[in-house]
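Hi everyone, and thanks for coming. I'd like to walk you through a structure that may be new to you, so let's put it on the screen.

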Amino acid sequence: MTKLFTPLLIVTAALFAYAPFAIQNAPYESTMGLVQKIFYFHVPAWIAMFLAAMVCGIAGAIVIFAGRKDADRVAQAAAELAVVFGLMGLITGPLWGRKAWGVWWQWDARLTSALVMWLVFVAYLLLRKYGGAGSEKLSAVLALFGMANVPFVYWSVNVWRTVHPKTSVVMTLEPSMGIPFLLCSLAFVGLFAVLLAARVRLETVRGSVDELYLSLED
Amino acid sequence: MSPERRPSFVATVWLVTRKDLLIEFRSREVVYTTLFFAVACVLVFAFGFVREGIAVDDAAAGILWIAIAFSGTLALGRTFERERQNDTLRALMLAPVDRPALYVGKLVGVLLLLAAVEVIVTPLVALMFVAPLFAHPLLMGLLLATGTIGFAAVGTLFAAMLVRARSRDVLLPILLYPITIPVIIAGVRGTAALLQPQADLPIARMWLSMLVFFDIVFITLALWTFEPAMTE
């Protein structure tokens, strides 16, 4: 992981540096015009958020059933990133929605389930911060329940009509739009991986410092 | 009881539930406070949602479920606070019985408590909001039962795990509400479908089946995670 870290960091930085130009050069979408360009960051932010959520849920399951400390560090780092990327998605979404729908927010299936998912991870972080000792396992259970909850929230809100654009549209994009989109998605996934690795390393180092400190006291 | 003979799952559930009910019956602290809290909730919302003597559309359904969710959180917190005071939850966990049976026992206790609250609050909402909550007693009862089970199933697990945590009082609703949002949506929408001038039975049944599905998934998950999550 440490070997890969620097090249990954460089690639991600390069992708982010190039992204504005790629987005600038991409053609305007015929009905939405300029405002549609926010999708190049909005969708990748949610991709990274759901990646983080999945990593957190799986790491949580490992914590519960195998009791591994390193999985707990991954889960915590992933939860923090889920909140950060989710916040990006929640900010960029309404900016587009105000233009396209005329309102900042809709109680639409996708919006509501994303918001609930985000709230679960905020709750996760609150629990980690204020729950004190022993909250690792409860937070792992929370991550697991949060994952299981997604289809229920989605289904229950979907009974009201959904207005969010379908994600299947991504597959049908023209290359002139598809390539910038792919670049941005890679940039966000790369950013997620870089931040996750850095954050896990920080926790690991912090853990070993704590251990050293304790052994010194004995 | 000889040391090698463990009580069966059902016997353990009954023992835990009976213990909780016995303690509750002696003081009646949780049931009285929770009930009064639920009634106060309904009154507070009544001031917000009744205009010129007429309730806002679907207000009754929403208020009923909010009162259940709020008082349920209170009841869960109080029930497990009792287990914390003398570290009796640890004693329960040390008992040589099935751990999931302890969870089910606590869950049944909470459910009975909430059932007592609902028996009072539902007619109260029906009365104050002129809502025909008893027009379809079977469907309404099933919605209440499955909704309460779903809410309490997640709540019992979280409250049990929070016993050892700091700031548990405020963390319980923070963790519980995002996870139980589907229960609240299904409960409110299902009840609202029943309260329409022409009750929409297929819609109510659809929400009911969603609640049943939620209950199955989350009780299974809770039984599965209770033991590894509660062992230190």
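**A short tour of the model**

Let's begin with one residue: Thr73(B) is buried, with just 9% relative accessible area. Before going further, please keep in mind that this is a predicted model. Thr73(B) sits in helix α3 of chain B, which covers residues 59-85. What does its side chain pair with? There is a polar contact of 2.7 Å between the side chains of Thr73(B) and Tyr177(B). If we set aside residues up to four places away in sequence, Thr73(B) touches Phe151(B), Leu172(B), Pro173(B), Leu176(B) and, once again, Tyr177(B).

Staying in chain B, let's talk about empty space. How many cavities of 30 Å³ or more turn up in the whole structure? The search finds 1. The largest cavity holds about 40 Å³ of space. Around the largest cavity you will find Phe80(B), Leu89(B), Leu92(B), Met93(B), Leu102(B), Tyr103(B), Lys106(B), Ala160(B) and Phe226(B). Two helices of chain B, α4 (88-94) and α5 (99-128), supply at least two lining residues each. As for the chemistry of that lining, 8 residues are nonpolar, none is polar and 1 is charged.

While we are on helix α5 of chain B, look for Leu127(B), which lies in it. Is Leu127(B) buried or exposed? Leu127(B) is exposed, because its relative accessible area is 67% and the cut-off for exposed is over 50%. Leu127(B) also gives us a nice view of the fold: Ala60(B) is 67 residues away from it in sequence, yet their C-alpha atoms are 10.0 Å apart in space.

Now for a little backbone geometry. As a reminder, most residues other than glycine have a negative phi. With that in mind, here are two residues of chain B to look up. Asp87(B) has a positive phi, near 55°, and is not a glycine. You will find Asp87(B) in the loop between α3 and α4 of chain B. With 40% relative accessibility, Asp87(B) counts as partly exposed. Val130(B), also not a glycine, has a positive phi of about 50°. Its place is the loop between α5 and α6 (137-162) of chain B. Val130(B) is exposed, at 73% relative accessible area.

Let's turn to chain A. What is chain A built from? Chain A has 6 helices and 0 strands, and along the sequence its pattern reads α-α-α-α-α-α. Taken along the principal axes, the C-alpha atoms of chain A fill a box of roughly 70 × 45 × 25 Å. Of the 218 residues in chain A, 44% are buried. If we take the contacts in chain A with a separation of 6 or more, 78% of them come from residues 24 or more positions apart.

Next, a pocket. The second largest pocket has a volume of about 630 Å³. It is lined by 27 residues, and those closest to its centre are Lys69(A), Asp72(A), Arg128(A), Gly134(A) and Glu136(A). Which helices of chain A supply at least two residues each to this lining? They are α3 (69-100), α5 (135-158) and α6 (175-217). The largest share, 7 residues, comes from α6(A). By class, the lining of this second largest pocket has 6 nonpolar, 7 polar and 14 charged residues.

One of those central residues deserves a second look. Arg128(A) is found in helix α4 of chain A, residues 109-130. Arg128(A) counts as buried because its relative accessibility is 16%, and buried means under 20%. Leaving aside neighbours within four places in sequence, Arg128(A) is in contact with Asp72(A), Gln76(A), Ser135(A), Glu136(A) and Ser139(A).

Last stop: cysteines. A disulfide is a covalent bond between the sulfur atoms of two cysteines. How many disulfides does a search of the whole structure find? Over all chains, the count is 0. Two cysteines of chain A are still worth finding on the screen. Cys56(A) is buried, with a relative accessible area of 0%, and Cys184(A) is also buried, at 1% relative accessibility.

That's the tour. Thanks for listening, and I'm happy to rotate the view for anyone who would like another look.

How values were computed
Residues are numbered from 1 along each chain as its sequence is written. Chains are lettered from A and ligands numbered from 1 in the order in which they are written. This is a predicted model: local features need pLDDT of at least 70, side-chain atom pairs count only at pLDDT 80 or more; totals for chains, interfaces and linings use all residues. Side-chain values use heavy atoms; hydrogens and water are left out. On a 1 Å grid over the protein atoms alone, a cavity is a set of points where a 1.4 Å probe fits but cannot get out, and a pocket is an open set with protein on both sides within 12 Å along at least five of seven lines; lining residues have an atom within 4 Å of a point. Grid points are joined across faces, edges and corners, and a volume is the space filled by probe spheres set on the points. Helices (H or I, at least four residues) and strands (E, at least two) are DSSP runs, numbered from the N terminus. Ala, Val, Leu, Ile, Met, Phe, Trp, Tyr, Cys and Pro count as nonpolar, Asp, Glu, Lys and Arg as charged, and the others, Gly among them, as polar. A disulfide is a pair of cysteine sulfur atoms within 2.5 Å. Buried means under 20% relative accessible area, exposed over 50%, partly exposed in between (1.4 Å probe, protein chains only). A polar contact is a pair of N or O atoms within 3.5 Å; within protein, one must be able to donate a hydrogen and the other to accept it, and residues adjacent in sequence count only if both atoms are side-chain atoms. Contact means heavy atoms within 4.5 Å.
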